[in-house]
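This briefing introduces the pockets of the structure shown below. It describes the space they enclose and the residues that line them.

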Amino acid sequence: WVRTDKTFNMYGGKITNNSLCGVCNFGTFHMYGGKITGNSAADKGGGVNNFESFYMSGGSITQNTACYGGGVYNYGTFEMSGGNITRNTANTESGQGGGVYIYNSATFTMSGGSITVNDAYEKGGGVYNDGTFNVSSTAVVKNNERRLFPAANNVYLPNSKVITISNALNSGTSIGVTVANPPTEGNSVTITDGADVGNEQYFFSDDDIFETYCDSNKIKMKLKETCSHSGQKVNGQAATCTADGWKDYYQCSKCNKYFSDSACTNSISDLDTWKTGDGKINK
């Protein structure tokens, strides 16, 4: 295995079959090519256990295993602009982060490359994000799985954690997401900070009962609509000098749900609350 305290540049070759991890980085590690493959760790970082700065622009991290971060466990700064992290496993019953595990004070910035076909026993087949996960340009995290109750599980977001869109996203970006507390009827879940209209096409729910959409510069996840709504306008009530009023709203003639817009995209979960909140017209 390789332990680096200063600068280590990897252009080719192979680091393989080590039982303490492939690379333990306490310095600056640049991976331009080569393979880190077939390594294992009892606890964290089967392929790379990164404590400082890791820059990956090529090569592959593949078929490594650990309890947390089968491919990479990141305590520090990890920037990935190329290469691939694939077929790694978080292999114990509490295993998390098959491809990459981001520690809660760490930052993972992904502008290229791919994280695919990894798996975790419990959560985060591709990426377990307990820290800061920035994406831009062309980032791919897909086709990763969870072993416990087998299902797609790409980027796992614990409570309140999001993915940050740090710069423009390009065609080819594809990121699957699982959230700790899934959306419920009338309640969406935010999965990104910083988004432009159209960015929702680059993110998808690992569970196909949910869908993504853009709202107020954030990507959110909600339950898929099962009704092709037909909105009928319901006139609001004008405000007076002594009483509040409320705006016009729409009711679907098929499912009877309420919406604030004629296209029936913005649902009103509680009409009385809406009339005194978002739909209110002050006296």
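The largest pocket holds about 680 Å³ of space. The model is a predicted one, and the points below take its two largest pockets in turn, beginning with the largest.

**The largest pocket**

- A total of 27 residues line the largest pocket, and those nearest its centre are Gly186, Asn266, Ser267, Ile268 and Ser269.
- Two or more lining residues come from each of β30 (210-215), β31 (218-223), β36 (267-268) and α1 (271-275).
- Among the elements, β31 supplies the largest share of this lining, namely three residues.
- By residue class, the lining of the largest pocket comprises 13 polar, ten charged and four nonpolar residues.

**The second largest pocket**

- The second largest pocket contains about 180 Å³ of space.
- Its lining is made up of 13 residues; Ala152, Thr178, Asp206, Asp207 and Phe210 are the ones that lie nearest the centre.
- The elements that contribute two or more residues to this lining are β23 (151-152) and β26 (174-179).
- Of these contributions, that of β26 is the greatest, at three residues.
- Seven nonpolar residues, three polar residues and three charged residues form the lining of the second largest pocket.

**Composition of the two linings**

- In the largest pocket, 13 of the lining residues are polar and four are nonpolar.
- In the second largest pocket, seven of the lining residues are nonpolar and three are polar.

How values were computed: Residues numbered from 1 in each chain as written. Predicted model: local features only at pLDDT ≥ 70, side-chain atom pairs only at ≥ 80, totals over all residues. Heavy atoms only, no water. 1 Å grid on protein atoms, 1.4 Å probe; cavity = no way out; pocket = protein on both sides within 12 Å on 5 of 7 lines; lining within 4 Å. Points joined across faces, edges and corners; volume = space filled by probe spheres on them. Helix = DSSP H or I, 4+ residues; strand = E, 2+ residues; numbered from the N terminus. Nonpolar A, V, L, I, M, F, W, Y, C, P; charged D, E, K, R; others polar.
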